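Please look through the structure shown below, and then follow the account of its salt bridges, its interior and the interface of its chains.

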2 protein chains.
Amino acid sequence: MPLYALTLEYQGGPFVGWQRQDNGLSVQQVLEEAAAKLNGGVVPPVVAAGRTDAGVHAEGQVVQVALEREIAPLKLREALDFHTRPHPLAIRRAALAPEGWNARFSAIRRGYRYRILNRRARPALDDGRVWHVKAPLDAAAMHEAAQRLLGRHDFSAFRAAACQAKSALRTLDRLDVARIGEEVVVTTEARSFLHHQVRNMVGTLVEVGQGRRGVDWPRRVLDSADRTRAGMTAPAEGLCFIFVRYEREPDWV
Amino acid sequence: MPLYALTLEYQGGPFVGWQRQDNGLSVQQVLEEAAAKLNGGVVPPVVAAGRTDAGVHAEGQVVQVALEREIAPLKLREALDFHTRPHPLAIRRAALAPEGWNARFSAIRRGYRYRILNRRARPALDDGRVWHVKAPLDAAAMHEAAQRLLGRHDFSAFRAAACQAKSALRTLDRLDVARIGEEVVVTTEARSFLHHQVRNMVGTLVEVGQGRRGVDWPRRVLDSADRTRAGMTAPAEGLCFIFVRYEREPDWV
């Protein structure tokens, strides 16, 4: 069975998350049902680079889909982009997967962006796309605190209770915080993240930005490996999965 | 009656446009009903700098509202931002209007942004916020063509049939076209615009971008003053009213 790689863009709000669930429509289900139309009615096996939670957006989620017959990647991309309508899910790129490639396990870098709307007025244009924090945030202090979390650590303090990873050891390669107009934008990269790791780090950094904690506090939380010491889990709607990188990048069209 | 200035942000999609109409909910109605709650139940007179059409977004629409009693601008901003919920309309700034100031007639500069998503895949994240044009656009050619429209001209070729302005003479101060990743973004500024002027200019420039017309064609259309010669009216959803400037700027909070 030929294996295809796809790059997806989707809104998080209308879905229960990436993964199929009984309680509502998932991105996986919409993609699988569209792919089944190109696969003789058979729902093909699909694997994503990251299982985004309900409400989390994607600009560059990468998934694999195994079809029964070969189809030109260009045609696959266009057909799936059509059959996933009218859901807010688009197929940005497609490729025949390289030999031995796996959307999840071959990924060497993942990138997320977290947007905080930091002003008094509530979000109107970007409602559902940002976390609204009214009190002024010191983005420079947040950035300084963030730099102390870089490197290889046990990130237990920032993992969800439901996280199923065997080990909490992760290498954090980037955690930048910058003010862009009315927004404070957090950009982070790692080979992989624990469940809720980005949202828990953001919730913790916001306490520094509000001046409630010092710039060395998030690192102390990290070192404690104690989940109860971290800040709140930042809401899903501010988070966007922006890219996945591979050692052998598919030949995208 | 004290007069207040407000800066509004809103989504265009859920509204029939700025102006009150019988066939649906307008931005004006939502704002007026919220303001009435602070005005003893009386709907106050409201005037906008620009009457945006259905589907057109705003980041920086400016309006005036005349209330029966004085209220601190900070309190007014917060109260209206609360009472306009849950509509995607936010009050970004408020001020007591300067003596003799009028939201519409005192404006000396208006700015609009038009976003074109120029890729094969349909919009997912920014569905309803961009015009989707699949065929590759030459943004540099569009920009070159646009520069030839700058200055004081009779813009009859780019005005809507329903436009009520007495004269079609306008001075176009800026019309920049730039590629930003997958988007082609048009930014334009003038003291004032005719009805549909921006959308008609964008629809005309896109024909240049697609290579169907030369870079001198939009200027020839302008010179003809013939509305039937221009390109299509670009869809409302790509347009955003981004700012209004005044000689005497209100003392915003």
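In this predicted model, B:Asp176 and B:Arg174 are joined by a salt bridge whose closest N and O atoms lie 2.7 Å apart. Neither end is buried by the criterion used here, since B:Asp176 has a relative accessibility of 25% and counts as partly exposed, and B:Arg174, at 30%, counts as partly exposed too. A second salt bridge in chain B pairs B:Arg213 with B:Glu207, with 3.6 Å between the closest N and O atoms. Here the two ends fall into separate classes, because B:Arg213 is partly exposed at 39% relative accessibility, whereas B:Glu207 is buried at 13%. In chain A, salt bridges with shared partners connect A:Arg109, A:Asp173, A:Arg174, A:Asp176 and A:Glu189 into one network.

One link of that kind deserves a separate look. The side chains of A:Glu189 and A:Arg109 form a salt bridge with an N to O distance of 2.7 Å, and this pair ties together distant parts of the chain, as A:Glu189 belongs to strand S9 (residues 183-190) of chain A and A:Arg109 to strand S5 of chain A, 80 residues apart. A:Glu189 counts as buried, because its relative accessibility is 9%, while A:Arg109, at 23%, counts as partly exposed. Over all chains, a search of the whole structure finds 40 salt bridges. Side chains of opposite charge can pair when their charged atoms come close.

The interior of chain A can be approached through helix H2 (residues 73-83), whose buried residues are A:Leu76, A:Arg77, A:Ala79, A:Leu80 and A:Asp81. These buried residues of H2(A) pack against strand S1 (3-10), helix H1 (27-36) and strand S4 (89-96) of chain A. A:Ala94, a residue of strand S4 of chain A, is buried, with a relative accessibility of 0%. Sequence neighbours up to four places away being set aside, A:Ala94 touches A:Ala5, A:Leu6, A:Pro73, A:Arg77, A:Asp251, A:Trp252 and A:Val253. From helix H1 of chain A comes A:Leu31, which is buried as well, its relative accessible area being 1%. When neighbours within four places in sequence are left out, the contacts of A:Leu31 include A:Leu6, A:Leu8, A:Trp18, A:Val46 and A:Val63, and also A:Leu80, A:Thr84, A:Leu89 and A:Ile91.

What, then, is the extent of the contact between chain B and chain A? In contact across the interface are 30 residues of chain B and 30 residues of chain A, and the two chains bury about 2300 Å² between them, 43% of it on carbon and sulfur atoms. Of the area that chain B buries against chain A, B:Arg122, B:Ala124 and B:Leu125 supply 33%, more than any other three residues. The rule finds ten salt bridges across this interface, and one salt bridge between the chains joins B:Arg120 to A:Glu78, with the closest N and O atoms 2.8 Å apart. Polar contacts between chain B and chain A amount to 24 residue pairs, both residues being at pLDDT 80 or more.

On the side of chain B that touches chain A, strand S1 (3-10), strand S3 (57-66), helix H2 (73-83) and strand S4 (89-96) of chain B each supply at least two residues, and S4(B) gives the largest share, four residues. By residue class, that side of chain B divides into eleven nonpolar, four polar and 15 charged residues.

Seen from chain A, A:Arg122 sits in the loop between strand S5 (107-117) and strand S6 (131-132), and at 11% relative accessibility A:Arg122 counts as buried. Its side chain makes a polar contact of 2.9 Å with the side chain of B:Thr84. Apart from residues up to four places away in sequence, A:Arg122 touches A:Leu117 and A:His132 as well as B:Asp81, B:Thr84, B:Arg85, B:His87, B:Leu89 and B:Ala90.

How are the two chains related in space? A turn of 180 degrees, with a shift of 0.0 Å along the axis, lays chain B on chain A with an RMSD of 0.0 Å, which is the relation of a two-fold axis. The residue of chain B that comes closest to this rotation axis is B:Asp126, with its C-alpha at 4.9 Å. Both copies use the same surface, as 100% of the contact residues of chain B recur in chain A.

Definitions and conventions: Residues numbered from 1 in each chain as written. Chains lettered and ligands numbered in written order. Predicted model: local features only at pLDDT ≥ 70, side-chain atom pairs only at ≥ 80, totals over all residues. Heavy atoms only, no water. Contact = heavy atoms within 4.5 Å. Buried area = accessible area lost by both parts, 1.4 Å probe. Salt bridge = Lys/Arg side-chain N within 4 Å of Asp/Glu carboxyl O. Polar contact = N/O pair within 3.5 Å; in protein donor to acceptor, adjacent residues only side chain to side chain. Nonpolar A, V, L, I, M, F, W, Y, C, P; charged D, E, K, R; others polar. Least-squares fit on C-alpha atoms with pLDDT ≥ 70 in both. Buried < 20%, exposed > 50% of the residue type's maximum accessible area, 1.4 Å probe, protein only.
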